[in-house]
Amino acid sequence: MKNRLILIVLLSIFVFYGCSPGLHRESQFLMGTYVEVVSEDLSAADIVFGEFKRLDSVFNIFDTGSELSRLNKAGEIHASEDLFEIIKKAKQFYELTGGAFDVTVAPVSVIWKKAIRSSKLPAKEAIDEALSHVGFDNVYLDDNSRQIKFLKLGMMVDLGAIAKGYAIDKAVLKLKEAGVSSAVVNAGGDIFCLGENRRKAWAVGIQDPRIAKSIAEKIELKNMAVATSGDYEQFFVFQNKRYSHIINPKSGYPADSGIVSATVVTKDALTADVLATAVVVAGKAKAAEFLKEFAGARVKIIDEKGNIDEL
Ligand code: AMP
Ligand code: MG
């Protein structure tokens, strides 16, 4: 019997600019996604794009010359400030989320990325073999020398669930340094709303995960970040089961927690990016536990039945 296989990539969050004369809107494809900048300030977009380009040359797992690729190849590096900072953050979130967030999931996530591209289910043996190289406990970090070292052969890091958030926060810092006080930076649905949209908060719409182009909810943000992760962004369907790009690092298989979408509003884009991914992996009960550590975060989830809930 032939199975029908589907691949769909959708954007998950929209920003409403209303009737906005004077707002400049520019986008560029960077870090594997469309980065959109909206601001009254003509210089804002170039500042943001410059920062994304700089960081993409550090974090891009598909570019063999990137610093991350050099770490993945050699298993050891004396890292730049950016690579060391992001890996340190990744470690904190690994610990805080009880391993639901684990950037060393790369040997497995690479297999699933290929599977999604080719719509072919990977062999269980390949997953199990890759899984034996996963686990942040086997990453050694030295604060003084900024050394990062994998303690097991075959380990790799994938920053796909944290790099956009990191880059947005760095870009917003650059905007502030340049005196830009009002802008939206939207990297494929990871968003920071800086200041106000002419004396009003920026309005952001969250997509309904099962109905294309339909808005489930509208939220208003000022100096806050929002990110959504979901199984509807990149996935394929095999024998009526959905396999997405968000991986449970314990099983080696795509997250199967019953949460199809998580939207997180926090003060910084990195935390929003990471928590959105981690909540989809962990599921409602475990996520509610680790979210106690993030008192300021607002988290909305949508489950398989379409129910919206707040954590
Ligand atoms: P996001 O779209 O922010 O949810 O990030 C998803 C991406 O993060 C995937 O495409 C993988 O590259 C990577 N990833 C998948 N599962 C995990 C996980 N459990 N922890 C950390 N990164 C992950
Ligand atoms: Mg993420």
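## Exercises on a ligand shell and two loop residues

Asn223 is placed in the loop between β11 (215-221) and β12 (224-230), where strands (E, at least two residues) and helices (H or I, at least four) are DSSP runs numbered from the N terminus. This is a predicted model, in which local features need pLDDT of at least 70 and side-chain atom pairs count only at pLDDT 80 or more, while totals for chains, interfaces and linings use all residues. Residues are numbered from 1 along each chain as its sequence is written, chains are lettered from A and ligands numbered from 1 in the order in which they are written, and side-chain values use heavy atoms, with hydrogens and water left out.

**Exercise 1.** Describe the backbone and the exposure of Asn223 and of Met31.

*Solution.* Start from the general expectation that most residues other than glycine have a negative phi. Asn223, although not a glycine, has a positive phi of about 55°, and with 35% relative accessibility it counts as partly exposed. The classes are buried under 20% relative accessible area, exposed over 50%, and partly exposed in between (1.4 Å probe, protein chains only). Next, Met31 lies in the loop between β3 (24-30) and β4 (33-39); it is not a glycine either, yet its phi is positive, at about 50°. Met31 counts as buried because its relative accessibility is 15%.

**Exercise 2.** Work out which residues are closest to ligand 1 and how the shell is composed.

*Solution.* Ligand 1 is surrounded by 17 residues, the closest being Lys113, Asp158, Ser229, Ile247 and Thr277; a residue belongs here if one of its heavy atoms lies within 4 Å. By class, the shell holds eight nonpolar, four polar and five charged residues. Helix α7 (residues 269-290) supplies the largest share, three residues.

**Exercise 3.** Identify polar contacts of ligand 1 (pairs of N or O atoms within 3.5 Å) and state how far the protein buries the ligand.

*Solution.* Consider the oxygen atoms before the nitrogen: one ligand oxygen is 2.5 Å from an N or O atom in the side chain of Ser229, and a polar side-chain atom of Lys113 lies 2.6 Å from an oxygen atom of the ligand. A nitrogen atom of ligand 1 is 3.0 Å from a polar backbone atom of Asp102. Taken alone, the ligand exposes 500 Å², of which the protein buries 96%, the areas coming from the Shrake-Rupley method with a 1.4 Å probe.

**Exercise 4.** Locate Ser109 and list its contacts beyond four places in sequence.

*Solution.* Ser109 lies in helix α4 (residues 106-118) and is buried, with a relative accessible area of 5%. Once neighbours within four places in sequence are left aside, Ser109 is in contact (heavy atoms within 4.5 Å) with Asp158 and Ile247.

How values were computed:
Polar contact = N/O pair within 3.5 Å; in protein donor to acceptor, adjacent residues only side chain to side chain. Nonpolar A, V, L, I, M, F, W, Y, C, P; charged D, E, K, R; others polar.
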